[in-house]
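Visitor: I have a model open and would like a brisk tour. Could you take my questions one by one?

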Amino acid sequence: MRNARTIPAPIKRDDSIETAQPARPLVHVLADSSDKLSGICAALGPRFAVAGERLDAGAKLSQVPSAVVIRAELRDVDNIAAIKKRAAKLAKATKRIFLVEHACHVCISQAYALGATLVLPGPLNKTTLLAALGDPAGPAAPASSRSTQLDNAVETAATAIASMFTSVTLGQPLDVDGTKEAGRKIADRITQHGLSEWLTTVRRHHEGTYQHCLLVTGVTIDFGLSLGVGRTDLERLYAAAMFHDIGKAQIPLAILDKAGRLDPEERALIETHPVAGYDFLKGHDRISPEILDAVRHHHEYLDGSGYPDALAGESINDIVRILTISDIFAALIEHRNYKPTMPRAEAYHVLCGMTEKLEKPLVRAFKAVALSR
Ligand SMILES: [Fe+2]
Ligand SMILES: [Fe+2]
């Protein structure tokens with residue numbers, strides 16, 4: 001293959017860096033500079049067949065890869081255009097990993113909007129990248145039409161959440177209808193395929209805050225379905241779940257995705273997100289009072305120990321109670337690279353221990369969602 005852009009050492013392979021070997025899965029690397037390209041190719045070379053291409057070169061590499069790794073400045077419109085130009089081919093890869101140098105919401109949102117299945121912010125970390133690639137063909141290959149449909153639903157929803165976070169970060173109006181429509185699609189998927197498949201698919205594709213929003217929305221919908229709520233209430237539930245953590249767009253990712261314990265200052269900053277989300281959303285027409293209430297109060301507890309308003313008992317409405325249980329459960333079962341995923345039964349046990357904080361009959365009703373749906 002002579003079409004790939006030549007890059008400097010350490011990748012010197014006959015003036016090209018496409019080194020596909022049949023025994024190893026092919027990873028396609030795209031970068032906006034030769035330095036970045038050679039760094040990633042050198043990191044992956046020992047384990048994978050690597051084909052590299054600079055974004056400003058013609059899109060000429062011919063083989064469909066198992067995985068794609070992209071490292072580029074996503075605030076650069078030329079880079080975005082170059083990635084979009086390759087979109088049809090990239091979509092065929094099971095894993096599309098974006099390495100984003102600036103750990104900011106706008107860049108990460110942009111990566112998801114461009115089709116990322118995983119975004120790794122910060123400097124190149126070889127160990128994390130290799131772990132993320134694992135077997136690049138991944139568990140979804142070959143994909144059945146059912147899993148492909150689920151994957152599409154996850155990507156649509158993740159893109160809606162990404163665009164929501166971008167709007168907050170840039171102070172732009174929110175696409176309220178688009179976000180609700182993505183929530184409706186999740187509701188359709190879960191009605192058809194159940195919760196378990198949704199949780200598995202989301203955790204395979206996403207990390208961090210987006211994964212959390214997708215999990216909470218799925219769990220909340222399934223909880224609503226199991227309780228037999230009507231269509232209008234189900235719509236309120238999924239909209240509240242989609243929007244519930246929107247205020248986190250104003251909190252640095254370094255804190256949101258911190259692996260260790262938060263210090264008191266960081267904790268205080270995190271606890272600003274319900275009011276930040278409420279303040280942002282209240283300026284929008286088609287956000288109902290129930291949704292605003294849920295966004296502001298999803299960290300309140302029946303015993304008055306929650307935040308931001310220390311509400312207690314009857315002042316916490318039903319939608320909030322359902323959302324809070326779903327939110328805690330989803331946070332416990334999230335998949336993070338730095339910690340093992342908590343089994344659903346163990347997460348339900350944690351909920352059962354929060355006796356003064358959560359409504360007991362609702363926690364009992366949640367058992368089916370947590371363990372068997
Ligand atoms: Fe929250
Ligand atoms: Fe949350």
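Visitor: Of the nine residues of helix 14, how many are buried?
Guide: This is a predicted model. Buried here means under 20% relative accessible area. In helix 14 that list includes I291, L292, D293 and A294. V295, R296 and H297 are on it too. Helix 14 is mostly covered, and its buried count is seven.

Visitor: Which helices do the buried residues of helix 14 pack against?
Guide: Packing here rests on contacts, meaning heavy atoms within 4.5 Å. Helix 14 spans 289-297. Its buried residues meet helix 7 (176-193), helix 10, helix 13 and helix 15.

Visitor: Which protein atoms coordinate the iron ion (ligand 1)?
Guide: The donors follow the spacing D-x27-H-x24-H-H along the chain. They lie at 2.1 to 2.2 Å. The atoms are D245 (OD), H273 (NE2), H298 (NE2) and H299 (NE2).

Visitor: What is the geometry at the site of the iron ion (ligand 1)?
Guide: There are four donor atoms, with angles of 85 to 175 degrees among them. A tetrahedral site needs all angles between 85 and 135 degrees. The site of the iron ion (ligand 1) is irregular.

Visitor: Which residues are the protein donors of the iron ion (ligand 2)?
Guide: Their spacing along the chain is H-x31-H-D-x81-D. The donor atoms lie 2.2 to 2.3 Å from the ion. Two are NE2 atoms of H212 and H244, and two are OD atoms of D245 and D327.

Visitor: Why is the arrangement around the iron ion (ligand 2) not called regular?
Guide: Look at the angles that its four donor atoms subtend. They run from 81 to 168 degrees, so the arrangement is irregular.

Visitor: Which residue bridges the two iron ions, ligand 1 and ligand 2?
Guide: The iron ions (ligand 1 and ligand 2) are 3.4 Å apart. One residue coordinates both. That bridge is D245.

Visitor: How many residues apart in sequence are the parts that D245 and H299 tie together?
Guide: D245 lies in the loop between helix 10 (231-243) and helix 11 (253-256). H299 lies in the loop between helix 14 and helix 15 (318-333). The pair therefore ties together parts separated by 54 residues.

Visitor: Is D245 buried or exposed?
Guide: Take two other donors for context. H244 has a relative accessible area of 0% and is buried. H299, at 18%, is also buried. D245 has a relative accessible area of 1%, so its class is buried.

Visitor: What does the side chain of S288 contact?
Guide: S288 sits in the loop between helix 13 (273-281) and helix 14. S288 is partly exposed, with a relative accessible area of 22%. A polar contact of 3.1 Å joins its side chain to that of E290.

Visitor: How far apart are the C-alpha atoms of S288 and R236?
Guide: Along the chain, S288 and R236 are 52 residues apart. Between their C-alpha atoms the separation is 8.5 Å.

Visitor: Which residues share one salt-bridge network with R184?
Guide: Start with the salt bridge between R184 and D188, 2.7 Å from N to O. Both residues lie in helix 7, four residues apart, about one turn of the helix. An α-helix has 3.6 residues a turn, so residues three or four places apart point the same way. Each of the two is partly exposed, R184 at 33% and D188 at 33%.
Visitor: And the members of the network?
Guide: The salt bridges here share partners. They join R184 into one network with E181 and D188.

Visitor: Where does E359, the salt-bridge partner of R321, lie?
Guide: The side chains of E359 and R321 meet at 2.7 Å, N to O. The pair links distant parts of the chain, 38 residues apart, with R321 in helix 15. E359 lies in the loop between helix 16 (344-352) and helix 17 (360-371).

Visitor: Is R321 buried or exposed?
Guide: Its partner E359 is partly exposed, at 21% relative accessible area. R321 comes to 13% relative accessibility, so R321 counts as buried.

Visitor: How many salt bridges does the whole structure hold?
Guide: Another of them joins D32 and K36, at 2.7 Å, N to O. D32 and K36 are both buried. The search of the whole structure gives 16.

Notes:
Residues numbered from 1 in each chain as written. Chains lettered and ligands numbered in written order. Predicted model: local features only at pLDDT ≥ 70, side-chain atom pairs only at ≥ 80, totals over all residues. Heavy atoms only, no water. Donors = N, O, S within 2.8 Å, 3.2 Å for Na, K, Ca; no water. Tetrahedral: all angles 85-135°; square planar, octahedral: opposite > 155°, others 65-115°. Helix = DSSP H or I, 4+ residues; strand = E, 2+ residues; numbered from the N terminus. Buried < 20%, exposed > 50% of the residue type's maximum accessible area, 1.4 Å probe, protein only. Polar contact = N/O pair within 3.5 Å; in protein donor to acceptor, adjacent residues only side chain to side chain. Salt bridge = Lys/Arg side-chain N within 4 Å of Asp/Glu carboxyl O.
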